[in-house]
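Me: Could you take a close look at one part of this chain for me, the loop that holds Val736? Some context from elsewhere in the chain would be welcome too.

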Amino acid sequence: MIIKTTRKFHKLFFILFLVSSLSMSAQEDSDILDAYEDYTEAAREVVYVHLNKSTYIKGESIGFTAYVMDKKDKKPSQLTTNLYVSIEDEKNNIVKKKLIRVDDGVASIYFEIDSLFTSGFYKVNAYTNWMLNFNEQNHYVESIRIINPEIDEYTENELVNNDLDAQFLPESGHLLNGVINNIGVVIKDHYGFGIPNAKGEILGNDNQVLSTFATNEFGIGKFQFLPNSTNTYKVKISNANKNFLFDLNQTIERRGIIMTLKRLKSKVFISLITNNETLESIKNDRYTLMAHNGDNYDIMDIYFTDNTVVTKAIDLENTATGVNILTLFNNEDKPIAERLFFNYNGIEMYKSSTISASKKRDTVTIDLGFKGIDTEYINSLSISVLPEDTKSYNRHNNIVSYTYLQPYLRGTIESAKYYFTDVDAKKEYELDNLLLTQGWSSYNWNAIFQNAPNQTHTFEQGIRLKANLTSKLSENDNNSFLLHAVANEEPRIFDLSQGENSFLIDNLFPIGSDKIYMSRMTKVNGLLPASLYFQSFPSAVPALTVDSRALNPKHDYQIEANLKSNVFKEFNFDKVQALDEVVIQSEIERKRTQIRKLEEHKFGKVSVIDEEERLLFNTLGEFLQSKNFFVIDKRGEFYVSDRSGITVTPNSPATQPAFFLDGMYIADPQIFYQYSLTNVGYIEINRLGIGQGARGASGVIKIYSSTKGSKSTNNQDTVQDFTLPLSFSAEKKFYVPKYQSYYSDFYKGYGVVGWEPKIKVDENGYASFKIVKPRGTIKLFIEGIANDGAFIFEEKSIKLN
C-alpha cells in the first residue's frame, strides 16, 4: 500500500468560508512569529525503536533496532552517530545502559535479560544527545514486561477489575456557556487501557438525559450538549453490567471562545465560537489563529463583529502531512485554545508484494518482494519472527505512529499503530476523536515565548578526544603524533604548531574494550610514547532529563499454563550470555586459519607475528632480513631493499619498498628505526608492488600494529595507551533460545523463532533472510525505512508445509 502526494508545502493556505471580518496584521503578529521561528529553527531528531517482542521470558534477549529520523522531513538523520539506550525498572533505576553507533539513521543491538532482571515492567529509552535540548518527547520510550518462570507460576493471573477512570474533555480545552460544545470522552481501566463499548448518558439537574455516547475499542467517544452555567451535570456510565456515576468535572465558563473542527471530504472546517455575553466585549479585538506543526506555519488575525461564529475552510492538500496544530491567541498574544488534526496525505508506506520460502535441511530462506523501493536511497528492515499465535507482541506503536503522531502529543496513545494499519475512513474519524481528547500539543507555548532552546547538548559523531601535552615541547622536537588504528579505522597523524599545547581527535568509534594507542613520531628515535593527558567526550551516558511515560503491554487478563515445566532447554537463567562461535584448533591450525583469513583480498604474502617471532627477532629490521631483504637499521638510519642486486644508499629512498602502517602510507620510513616487533601484529609483503602503481615499483611492505590485529601487548617504550571511559557496544549475533517443546502453549504464546535487525532490499526488490526451520505457522513483524522518507510496516503470517 502506498499513501503518497507529490506536493510539498512550506506554508498553510486558508480559504475564507464565513467570517464577520478578517484582516492581516503582520506587525502585531511579529512577537508570535519571532518566538515561534526562534524556537523551531533548530533541527530536530526523532527516534523509533523496533523491539522484537513486548513480553520477554528471563533468559531471552531483547532484539533492538533503532531508526533515527529528521523530525521535519522524516528522512534518516545524518547528523548523529551516537545513540544512548537505557533500561529502567519500575522505580526508575537504570538496570542497563549502552552507547550504540548509528549508521545512515539505523542502529541495532541486543540486551541480555540476565540476573539483573526480575519479574516486572521495564522502560526502554533511546535518545541522542541533541534531543536533550528540547522539551518535546522526541526520544523513544516503551514499556516491556519480563517474566521470571522461576518466580512467576503463571504469565497472567489477574482478572478484570471493574474500577473505571473517566475523563470528559471539551474540544479546544474550554466548556462555554450557552453554545453547543463537543466533549471528548476517555474511559480507562485501572491499568490505563481503554474500556470498549461502554455506554454513557449525560444527566441534567432533574436526571433528564441530555446526550448519550458509546466508546470505541480504545475507550474513546464524544458527545455534544448545550451547557448552562447555573446547572450541574452528571454522567452515568454502564459497563460489564454495572453502572458508574461521575461528575462532569468541567468548569462551565460564562465568557470565552471555543474552537471546533469538522472534516468533510478534502476540507477541514474550523469554527471559532463565542456567546452573546462575550461578543459585546470583544468586538474589534484582535484574535490570532496560527496553524503550525513545528516547522511550517501560517498565521492570521481575526475580528468578531456582529456574529458569534467565524468559520474557515482548510484545503487538506495545502496542509502539512501528519499532525497540524491550530492555536488561538487572544488580543494579548496569549494562547487560549488549541486543536489538533491529522492529514494522512503524503505518508508513504510500503508493504511486500510477494513472499516465498525455500527449505534446505534445517533452515528456511524467506524472500520478501517489494515494488517501488529505489535502492539508490537508504533502505533497512528489521523483522521479528514469532509463532503465529504469539501473545508476546502487544506493542502500542509502529514506525509510522511514533514518527508522525507521538512526538506531537503530550499523552501516551494506546495501540497508536492501529490508526496507521489499513487506513480507512473509520480510522481517520477515530484518530480525529483521539486528537480531540489530547488538548494541548507537545509544543509548550510558555517555553516558546521564553527563549529559543539553549543548545548546550551538541550533535555527536563518535567520541572526541582532547589530547593535552604534559610538558612543553622544545623547538627541536618533532611535534607529530601517531594515533594507531582504532577498531576498523585507519591510523591518523596529528601535527602541532609551535605554541600549541593540545589537539582534538574527532570521530573515533572504539568498540567494547578498545583502547587508544598514541605515539610521538621522531626521526632519530622512531616512535616514542606520546606522554599526553587525554579527555574524552562523551565520558558517560547522559541522563534523560525529559519526563516520559509509557503504557505497559496490554494484558490478556486470563490465566495461562504453568510456566515452570514449559520453558527453555538446558538453560541457566543466572548465567545468560550470547556465545560467539568457538572453534577449537591446534595452535598451528589456528595460525594457518588466521593467515588465510588475513590474505583474503590482499596482493602480498602475510606473516603473522607471534611470540616465537618476537623471541627470535627484536626489531622489524631483523625480521625483514629473515625474509631476504637488505636492511640498514643502525646509527639512526633505516633503509630497506629487496635482495635483487640493488644497493641501497641513504640518498636513494626511491629504491626502497613503499611502507604502510595500518593502511596509511609512510613517506619517511625513518620512524621504523629500531622498531620493536612487539608493536607488530602481522605484515603483508608484496614484492611486485601489485595494486600500488608507480609507488609500488620497488615492492610494498604493509605493517599492521598489534593494536589492530594481534592480542599481544604493546611495547610501552613506543606506545602510550588510554582506556576510554565510554565506548560503543559491539553488535553480536542474536541468540534464539532452545525450548523444551515447540508444540506447547508456552512456545506458541511466548517463543521466539528469529530476529533480523538489519536487512537490505536488493536491486531486484528482494529482502532475504534465513531462519532455523520452524514448527508450524509463523508471523513476521516487519518495520523499516526506504526511499528517503518512506516507511515499511507489515505483519504477515506464513505457513510452511
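Reply: Here is a walk through that loop, followed by some other places in the chain.

A word on the basis first: this is a predicted model, in which local features need pLDDT of at least 70 and side-chain atom pairs count only at pLDDT 80 or more, while totals for chains, interfaces and linings use all residues. Residues are numbered from 1 along each chain as its sequence is written, and side-chain values use heavy atoms, with hydrogens and water left out.

Val736 sits in the loop that runs between β45 (720–723) and α10 (745–750); helices (H or I, at least four residues) and strands (E, at least two) are DSSP runs, numbered from the N terminus. With a relative accessibility of 30%, Val736 is partly exposed. On that scale, buried means under 20% relative accessible area, exposed over 50%, and partly exposed in between, using a 1.4 Å probe and protein chains only. Leaving aside residues up to four places away in sequence, Val736 touches Val752, Val753 and Gly754, where contact means heavy atoms within 4.5 Å. Trp755 is 19 residues from Val736 in sequence, and their C-alpha atoms are 8.1 Å apart in space.

Now for the context. The chain has ten helices and 49 strands, and buried residues make up 55% of its 801 residues. Among contacts with a separation of 6 or more, 71% join residues 24 or more positions apart.

Some other loops have backbone features to look at. Pro538, in the loop between β37 (532–537) and α6 (587–598), is joined to Phe537 by a cis peptide bond with omega about -5°. Asn207 is not a glycine, yet its phi is positive, near 65°; Asn207 lies in the loop between β14 (199–203) and β15 (209–214) and is exposed at 55% relative accessibility. Lys265, also not a glycine, has a positive phi of about 55°. The place of Lys265 is the loop between β20 (257–264) and β21 (267–274), and its relative accessibility of 81% makes Lys265 exposed.

Finally, to a helix: Asp31 belongs to α1 (residues 26–40) and is exposed, with a relative accessible area of 51%.
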